[in-house]
Amino acid sequence: MLVKTLEILNPPVISDKDNLTIAFKKINERGIGRIIIANPKVEGILSTRDLLSIFLSFCTNGCTQGDLYKLSTVEASQYMTSPVTVITENADTLEAITLMVTRNFGSLVVINEQGIPSGIITERELLLEFQDLDPLFPVYHFMTKKVSTIDQHTDLTTATKQMLRRGFRRLPVVDEDKNVLGIITAADSIKSAAKSVTKLDPDIFFAKTVKDIMRTPLVVIEEDRSINEAASMMIEKSIGSLVILDDAGKIKGIITERDLLIALHYQIHLSYVGKLKT
Ligand code: AMP
């Protein structure tokens, strides 16, 4: 399958002269989790993680309207990651999967023959590849078994910092007895941050607790179901993770689109090696 059959067209692009406030506005509008900086060729990229770190670094000691205003005076290009690893529209998706897994990228910018960004592919689009694969592996092979959770009354700033520090994009939310209530994601944090920046209102982010923005109910899967089923549940429900519960209803594991991409890479290479041997 070719990359062009999977790419999201009309990628979220801003110019190298645009400021950080525009980057926040665009990431919120498109909901793809990253912004490409191009002029017209690709020059850099800003991820949800990057923008959340920038946002918190402008507001280290509380946050004022003035701190948020400063974001509009800084060019996004000063903070972007550059150079960007790209892939061409006619490349095979296997090449894209291998690049994303081995380089630990959550997305790849797709360029056309002129070197101009034509699209973007993220982990979510690649999950469609599971439709053509045999259900070989159960969820428990690829889920993470030691899950970090967050108390519902924690403020959004602490929860966001925890996700950034630990390098993942979600935290199941629990009550005092560790019963699961919902989930909070980096995508939820960036939405509040973007609203706070564009409306110049620190409270939209800094006055919130996890409970205010968590999503409910939590979508669960049994650990003995196949990863193919996990992929189709994520696609169908437009979510990036599923939680595994034990018999007492407490969290036992989490499987995310990142884990499924790694599983996909493993399974495709396994079948390739199998064909070489026969
Ligand atoms: P993510 O960036 O959220 O897709 O996750 C990256 C990796 O961290 C994957 O292996 C996940 O299984 C794992 N992970 C995600 N969220 C959590 C969490 N709250 N606690 C522990 N591991 C997690």
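**How the labels are earned**

Visitor: Why does Arg165 count as exposed?

Guide: The relative accessibility of Arg165 is 63%. Exposed means over 50%, so Arg165 earns the label with its 63%. Bear in mind that this is a predicted model.

Visitor: Where is Arg165 found?

Guide: Arg165 is part of helix 6, residues 156-166.

Visitor: What makes Lys146, Lys161, Arg165 and Arg166 a patch of positive charge?

Guide: Lys and Arg count as positive, and like charges are joined into a patch within 9 Å. Lys146, Lys161, Arg165 and Arg166 gather on the surface in this way. A patch residue also needs over 30% relative accessible area, and Arg165 has 63%.

Visitor: Which two side chains meet at 3.9 Å, and why is that called a salt bridge?

Guide: They are Lys17 and Asp16, with 3.9 Å from N to O. The cut-off is 4 Å between a side-chain nitrogen of Lys or Arg and a carboxyl oxygen of Asp or Glu, so this pair qualifies at 3.9 Å. Side chains of opposite charge can pair when their charged atoms come close.

Visitor: Are Lys17 and Asp16 buried or exposed?

Guide: Lys17 is exposed, since its 58% is over 50%. Asp16 is buried, since its 11% is under 20%.

Visitor: How do you know that Arg258 and Glu123 form a salt bridge?

Guide: Their side chains meet at 3.2 Å, N to O, and that value is within 4 Å. Arg258 lies in helix 11 (residues 257-277) and Glu123 in helix 5 (residues 123-126), so the pair ties together parts that are 135 residues apart in sequence.

Visitor: Why are Arg258 and Glu123 called buried?

Guide: Buried means under 20%. Arg258 has 14% and Glu123 has 2%, so both values meet the condition.

Visitor: What makes Lys252 and Glu223 a salt bridge?

Guide: The side chains of Lys252 and Glu223 meet at 2.9 Å, N to O, which is within the 4 Å cut-off. Lys252 is in strand 12 (residues 251-256) and Glu223 is in the loop between helix 9 and helix 10, so parts 29 residues apart in sequence are tied together by the pair.

Visitor: Why are Lys252 and Glu223 called partly exposed?

Guide: Partly exposed covers values between 20% and 50%. Lys252 has 35% and Glu223 has 26%, so the label fits both.

Visitor: Which residues are joined into one salt-bridge network, and how many salt bridges are there in the structure?

Guide: Glu123, Arg169 and Arg258 are joined by salt bridges that share partners. The structure holds 10 salt bridges.

Visitor: How do you know that strand 9 and strand 10 pair?

Guide: Pairing takes at least two bridges. Strand 9 (residues 170-174) and strand 10 are joined by five, and they run antiparallel, so the condition is met. Arg170, for instance, has Thr185 in strand 10 as its bridge partner.

Visitor: What is the order of the strands in this open sheet, and why do some strands count as its edges?

Guide: Three strands form the open sheet in the order 8-9-10, with mixed pairing. Strand 8 (150-151) and strand 10 (180-185) each have a single partner strand, so one side of each lacks a neighbour in the sheet.

Visitor: What is notable about phi in Asn10 and Asn104?

Guide: Phi is positive in both, although neither residue is glycine. The value is near 50° for Asn10 and near 60° for Asn104. Asn10 sits in the loop between strand 1 (8-9) and strand 2 (13-14), while Asn104 is in the loop between helix 4 (93-102) and strand 6 (107-111).

Visitor: Why are Asn10 and Asn104 called exposed?

Guide: Asn10 has a relative accessible area of 57% and Asn104 has 58%. Both values are over 50%, so both residues count as exposed.

Visitor: Which peptide bonds to Pro40 and Pro217 are cis, and where do these prolines lie?

Guide: The bond from Asn39 to Pro40 is cis, with omega near -15°. Pro40 lies in the loop between strand 3 (34-38) and strand 4 (42-47). The bond joining Thr216 and Pro217 is also cis, with omega about -10°, and Pro217 is in the loop between helix 9 (210-213) and helix 10 (227-237).

Definitions and conventions. Residues are numbered from 1 along each chain as its sequence is written. This is a predicted model: local features need pLDDT of at least 70, side-chain atom pairs count only at pLDDT 80 or more; totals for chains, interfaces and linings use all residues. Side-chain values use heavy atoms; hydrogens and water are left out. Patches are made of residues with over 30% relative accessible area and no salt bridge: like charges are joined within 9 Å, nonpolar side chains (Val, Leu, Ile, Met, Phe, Trp, Tyr) within 5 Å. Accessible areas come from the Shrake-Rupley method with a 1.4 Å probe; for residues, only the protein chains shown count as cover. The place of a charge is taken as NZ of Lys, CZ of Arg, CG of Asp or CD of Glu. Helices (H or I, at least four residues) and strands (E, at least two) are DSSP runs, numbered from the N terminus. Buried means under 20% relative accessible area, exposed over 50%, partly exposed in between (1.4 Å probe, protein chains only).
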